[in-house]
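Morning, everyone. Please bring up the structure, and I'll walk you through it.

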Amino acid sequence: MKFSLKNIPLILFLTMGLSGFGQKTSKYLDSLLKLNLPQYAKVFAEPKKYKLQIIYTRITRDKDNKPSFKNYYWRADSTQFFYPASLVKLPVAITAIEKINRELTSYGVNKTTPMLTDSAFFCQKRVVKDTTAENKLPSIAHYIKKMFLVSDNYSFARTYEFVGCDYLHQGLERWGFNNIRIVNRLDGQCKNDTGKITSPVYFMSPFGDALYKQPLTFATYNKPYPLLEAKAGKAYVNDLGKRVYEPKDFSRHNFMSLYDCHEIFKRLTFWNYMEGEKKFSMSTDDWQFMMKHLGMYPRESEFPKYTDRKVFYDSFKKYFMYGATAPTIDTDTLRVFNIVGRAYGFLSDVAYIVDYKNKVEFLLSATIYVSEKNIVGSGKYEYDLIGLPLFKDVSKLIYETEKKRKKKHEPDLKEFELFGK
């Protein structure tokens, strides 16, 4: 039979180019979870309902401390829809650092240079100061801090506007992630494709002179949504607060598979060991800055200062190991470097977990959909009842498994000791 696109089923044609893979489950991880976590038997038995995906990466060091990686999966699937929410902050933050390093250093611009944002189009915001910064001025570094520390959407929107839709997706494709789609700046006032029209920005010298001016930009990015279908729920609440009795269509929203986010996080975490296009364009100082703020607790930040411990408690965005329930984390031997997502009933965490004392390290990513009523936008989800306890228990199980694992060469983890004692 002659080869022809007509001979390829539509669903296969639309998904065969996706980075990653179709649904994968590792026998080892499946057995580990089901034998040790019987309290979640219902979740494991209903994968279509809970949309649970898990990726666990075991790290093995050689005599020179160089890492190698082995992935284990539980229904991880690059072709299955889930809403990434704030996980998209990770590639946008990295791309912002790359854009400065690749294109703006000749203008005297770095990540801490004050960046002012102008307003020239519907829903854009003019920003000329930031009272949470030490110098009271906004910058890419300060925006990244707030994104990583407390998942701040306002900071993401300003960073996205600097990066720009076209530059972002060109960078993602250069890294090899052709099917990540980020066209929404996570600003409720900016609907649909307004993210493709980004604000003018100005980088300023200490003397108030403009070092670099970026004009209002109209993106040309128009790639289709990478999945055949992106729907969730049996009903949803629309922008007018009315309930619509059909699934919510997410095909005009952002998309990133869990595998892609896991891989990007791995490349950042082990930046010192990456080569070629897998090595992001950043300095050692940039890398330490990024990792430090992925691992910090809000109270450890001086600028911005988070004084309300009832809101910004230590485990505020530490879903793994703590289930976001620990008001104070008093151990100095364990750190969770991570990025999280939480919206529409979807809960996600992507992390590097390290125990300096016991020489334990592993990468872990997971996403789950916890909406028993299955109504998207209702605000009533089982994050605390199902999602966060499961994330805590899965991560603790893998931690204890790694703690018992015999290693020929213990890891030297000094490069991740980024916090004062």
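Let me start with a term. Helices here are DSSP runs of at least four residues, strands are runs of at least two, and both are numbered from the N terminus. One more thing up front: this is a predicted model.

Now find threonine 331. It sits in a loop, after helix H10 (284-295) and before strand E12 (334-343). Is threonine 331 buried or exposed? Neither label fits: threonine 331 is partly exposed, because its relative accessible area is 24%, and the partly exposed class lies between under 20% for buried and over 50% for exposed. Next, look across to tyrosine 352. In sequence, threonine 331 and tyrosine 352 are 21 residues apart. In space, their C-alpha atoms are 17 Å apart.

Step back to the whole chain. It has eleven helices and 15 strands. How compact is the protein chain? Its radius of gyration is 21 Å, and the globule rule gives 22 Å for 421 residues, so the chain is as compact as a globular protein of that length. Picture a box of roughly 65 × 55 × 50 Å along the principal axes; the C-alpha atoms fill that. And of the 421 residues, 57% are buried.

Last stop, the surface. Which residues gather in a patch of positive charge there? Lys234, Arg243, Lys373 and Lys380. Take lysine 373 from that group. It belongs to the loop that links strand E14 (360-369) with strand E15 (375-376). Lysine 373 counts as exposed because its relative accessible area is 55%, and the cut-off for exposed is over 50%.

That's the tour. Thanks for listening.

Technical notes
Residues numbered from 1 in each chain as written. Predicted model: local features only at pLDDT ≥ 70, side-chain atom pairs only at ≥ 80, totals over all residues. Heavy atoms only, no water. Patch = residues over 30% accessible without salt bridge, like charges linked within 9 Å, V, L, I, M, F, W, Y side chains within 5 Å. Areas by Shrake-Rupley, 256 points an atom, 1.4 Å probe, with all protein chains shown as cover. Salt bridge = Lys/Arg side-chain N within 4 Å of Asp/Glu carboxyl O. Lys, Arg positive; Asp, Glu negative; His and termini not counted. Charge placed at Lys NZ, Arg CZ, Asp CG, Glu CD. Buried < 20%, exposed > 50% of the residue type's maximum accessible area, 1.4 Å probe, protein only. Rg over C-alpha atoms; globule rule 2.2 N^0.38 Å.
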